[in-house]
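Please open the model in a viewer and keep the selection panel at hand. The tour below proceeds from one selection to the next.

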Amino acid sequence: MQTVLFHSTIFGPIHSRRLGVSLGVNLLPDDGKICTFDCLYCEAGFNAQGTGTTGFPPREKVARDLEAKLAEMREAGSPLDVITFSGNGEPTVHPEFPEIIGDTLRIRDKYYPEAKVSVLSNSTRLGRPEVHKALLEVDNNILKLDSAINETMHIIDRPTLPHLSTDTIIEELASFGPQCIVQTMMLRGEYDGHAIDNTTPEEVDALIEAYRRIRPREVMLYSIDRQTPARKLEKVPREELQAIAERITRETGVAVATA
């Protein structure tokens, strides 16, 4: 079984396809995974690998490690475009997520005021007022919507909350409007007897209607770039992604980036 990719609280910097030079922040255990989704394509592996033994990194450790790394990079004259919360699961499940966002903005302003702060979230905890408020404070509030059709979302994303619906997710995304970026993974394949394809006309029609309702600042369309825990998934060609992106922009007026 594929295991977690990030074995520290601060990792990188790496070059992100979508964000540039990115310093990662992992608010989850460094030897396990905690997530409210169990996505077929997650590069950190399936939730079945377990939550590990180290637990959530304390707020004080996150701030200390981040400041040490930014000071080191600044001293070396290293470039930095973005500080990105991602890691081994869903960052907003950390019990001190709002406070950590405040610490990060303060430390960012001290060392790299020109850098952006981004959060990659799966959109499952947007109804929590403290999470909603914290996400409004970051520069790039990047929220997942892989399908606007409930059955497809459950097959691809496999939420740990079985009653979670696309209607709920879309409604909560719409509460951010232009203060969010919607990220959609496009893919095809098969898993556990289910055919998977969220690029069909029906799927794209539903996504377009959802994007109209949400009115995000931008949509990010991307496809598989690394090994996935479900082996029978296929990458959607860049040219096809671009054609879908052009249709989305034409019909919604929303800018779409592909990767």
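Helices here are DSSP runs of H or I with at least four residues, strands are runs of E with at least two, and both are numbered from the N terminus. The model on display is predicted.

**First stop: the second largest pocket**

Select helix 4 (150-157), strand 8 (194-197) and helix 6 (201-214); each of these supplies at least two residues of the lining of the second largest pocket. Helix 4 gives the most to this lining, with 4 residues. To display the lining in full, select Ile149, Glu151, Thr152, Ile155, Ile156, Ala195, Ile196, Asp197, Thr200, Glu202 and Glu203. The residues of this lining divide into 5 nonpolar, 2 polar and 4 charged. The volume of the second largest pocket is about 170 Å³.

**Second stop: the sheet**

Next, select the strands of the open sheet, in which 8 strands follow the order 1-2-3-4-5-6-9-11 with mixed pairing. At its edges are strand 1 (10-16) and strand 11 (256-258), each of which pairs on one side only. On average, neighbouring strands of this sheet are turned by 25° against each other, direction ignored.

Now restrict the selection to residues 20-26 and residues 82-86, which are strand 2 and strand 3. In which sense do these two strands pair? Strand 2 and strand 3 pair in the parallel sense, over 5 bridges. Within strand 2 and strand 3, display valine 25 and phenylalanine 85: the valine stands opposite the phenylalanine, which belongs to strand 3.

Add residues 97-111, which form helix 2, to the view. Helix 2 packs on the sheet and touches strand 3 and strand 4 (116-121). The direction of helix 2 makes about 155° with that of strand 4.

**Third stop: the largest pocket**

Which residues of the lining lie nearest the centre of the largest pocket? Select Arg18, Glu43, Ser86, Leu120 and Tyr222, which hold that position among the 38 residues of the lining. The volume of the largest pocket is about 870 Å³.

Then colour strand 1, strand 2, strand 3, strand 4 and strand 6 (181-185), the elements that give two or more residues to the lining of the largest pocket. Strand 1 gives the most to this lining, with 4 residues. Finally, colour the lining by residue class: the residues divide into 15 nonpolar, 14 polar and 9 charged.

Terms used:
Residues are numbered from 1 along each chain as its sequence is written. This is a predicted model: local features need pLDDT of at least 70, side-chain atom pairs count only at pLDDT 80 or more; totals for chains, interfaces and linings use all residues. Side-chain values use heavy atoms; hydrogens and water are left out. Two strands pair if DSSP finds at least two bridges between them. Axes are lines fitted to C-alpha atoms, for helices over the stretch in contact, and angles run from 0 to 180 degrees between N-to-C directions. Contact means heavy atoms within 4.5 Å. On a 1 Å grid over the protein atoms alone, a cavity is a set of points where a 1.4 Å probe fits but cannot get out, and a pocket is an open set with protein on both sides within 12 Å along at least five of seven lines; lining residues have an atom within 4 Å of a point. Grid points are joined across faces, edges and corners, and a volume is the space filled by probe spheres set on the points. Ala, Val, Leu, Ile, Met, Phe, Trp, Tyr, Cys and Pro count as nonpolar, Asp, Glu, Lys and Arg as charged, and the others, Gly among them, as polar.
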